[in-house]
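Please look over the sequence and the model, then read on. The report starts with one strand residue and works outward to the core and its helices.

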Amino acid sequence: MELLMVILKRIELVDDIMQKLAEFGVRGGTIIDGTGMAKSLVNMNDLPMFGMLRYIISDEEKLKSKILLFALKEEQVKEVKDKIKEVIGDLSEPNTGIMFTIPIKNAEGFGE
């Protein structure tokens with residue numbers, strides 16, 4: 001098994017991704033709210049060099065992300081990644097997101 005993780009900056013696409021994956025047969029996943037490193041840095045009052053960053057990144061929406069997690073069989077990973085990219089588009093575009101997998105060595109509770 002593999003854990004497919006998507007850190008999505010374009011949070012408006014979450015529902016479209018979930019619908020696409022459900023249609024493909026993915027039965028479950030987890031969505032977690034996230035914030036980027038910039039949010040923490042902006043709130044550090046003792047670091048004066050981040051004053052400009054605080055000014056530039058004032059829009060709260062720029063700081064939000066969603067973390068999508070899917071435990072998949074190895075043979076599902078490529079197709080699921082392709083389905084996600086159909087919705088997201090080119091991940092190399094700025095402020096889109098990142099996607100990667102991590103091998104799952106031991107797992108329980110998947111029902112099969």
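Ser 65 is buried, because its relative accessibility is 8% and the cut-off for burial is under 20%. Ser 65 sits in strand S3. The model is a predicted one.

**Three neighbours in S3**

Leaving out residues up to four places away in sequence, Ser 65 touches Ile 7, Leu 8, Lys 9, Ile 11, Ile 32, Asp 33, Gly 34 and Thr 35. Lys 66 also belongs to strand S3. Lys 66 counts as partly exposed because its relative accessibility is 21%. The limit for burial is under 20%. Lys 64, another residue of strand S3, is partly exposed, with a relative accessible area of 34%.

| Residue | Relative accessible area | Class |
|---|---|---|
| Lys 64 | 34% | partly exposed |
| Ser 65 | 8% | buried |
| Lys 66 | 21% | partly exposed |

Which residues does Lys 66 touch, not counting those up to four places away in sequence? They are Val 6, Ile 7, Leu 8, Ile 11, Val 14, Ile 31, Ile 32 and Asp 33. With Asp 33 there is a polar contact, side chain to side chain, at 2.3 Å. Lys 66 and Leu 13 are 53 residues apart in sequence, and their C-alpha atoms lie 9.8 Å apart.

Lys 64 has its own set of contacts. Beyond four places in sequence, Lys 64 touches Lys 9, Ile 11 and Gly 34. Lys 64 and Lys 9 are 55 residues apart along the chain, yet 6.7 Å separates their C-alpha atoms.

**The chain as a whole**

The protein chain holds four helices and four strands. Along the sequence they run β-α-β-α-α-β-α-β. Of the 112 residues, 26% are buried. The chain exposes about 7,700 Å², and carbon and sulfur atoms supply 52% of that area. Among contacts with a separation of 6 or more, 82% join residues 24 or more positions apart.

**The nonpolar core**

In soluble globular proteins, nonpolar side chains tend to be buried together. Here the largest nonpolar core has 17 residues. Leu 8, Ile 17, Phe 70 and Ile 84 have the most contacts inside this core. Strand S1 (2-8), helix H1 (14-24), strand S3 (64-72) and helix H4 (74-88) each give two or more residues to the core. H4 gives the most, with five residues.

What does Leu 8 contact, leaving aside neighbours within four places in sequence? The list is Leu 13, Val 14, Ile 17, Ser 65, Lys 66, Leu 68, Ile 88, Thr 96 and Gly 97. Ser 65 and Lys 66 of the S3 trio are in that list.

**Helix H1**

Val 14, Ile 17 and Leu 21 are the buried residues picked out in H1. They lie on the same side of H1, because they cover an arc of only 65 degrees around the axis. An α-helix has 3.6 residues a turn, so residues three or four places apart point the same way. On the other side of H1, Asp 15 and Glu 23 are exposed. The cover over the buried residues of H1 includes S1, strand S2 (30-35), S3 and H4. Gly 25 follows H1, with a positive phi near 110 degrees.

**Helix H4**

H4 has 15 residues. From first C-alpha to last, H4 reaches 22 Å, close to the 21 Å expected at 1.5 Å a residue. Which residues of H4 are buried? They are Val 77, Val 80, Ile 84, Val 87 and Ile 88. Seen down the helix axis, these buried residues fall within an arc of 95 degrees, so they line one face of H4. Glu 75 and Lys 78 are exposed on the other side of H4. Among the elements that cover the buried residues of H4 are S1, H1, S3 and strand S4 (97-103). Just after H4 comes Gly 89, whose phi is positive, about 95 degrees.

**Putting it together**

H1 is part of the cover for the buried residues of H4, and H4 is part of the cover for those of H1. S1 and S3 appear in the cover of H1 and in the cover of H4. In S3, Ser 65 is buried, while Lys 66 is partly exposed and makes its polar contact with Asp 33.

Key
Residues are numbered from 1 along each chain as its sequence is written. This is a predicted model: local features need pLDDT of at least 70, side-chain atom pairs count only at pLDDT 80 or more; totals for chains, interfaces and linings use all residues. Side-chain values use heavy atoms; hydrogens and water are left out. A nonpolar core is a set of buried Ala, Val, Leu, Ile, Met, Phe, Trp, Tyr and Cys residues joined through side-chain atoms within 4.5 Å. Buried means under 20% relative accessible area, exposed over 50%, partly exposed in between (1.4 Å probe, protein chains only). Contact means heavy atoms within 4.5 Å. Accessible areas come from the Shrake-Rupley method with a 1.4 Å probe; for residues, only the protein chains shown count as cover. A polar contact is a pair of N or O atoms within 3.5 Å; within protein, one must be able to donate a hydrogen and the other to accept it, and residues adjacent in sequence count only if both atoms are side-chain atoms. The arc is that of the directions from the helix axis to the C-beta atoms. The expected span of a helix is 1.5 Å times one less than its number of residues.
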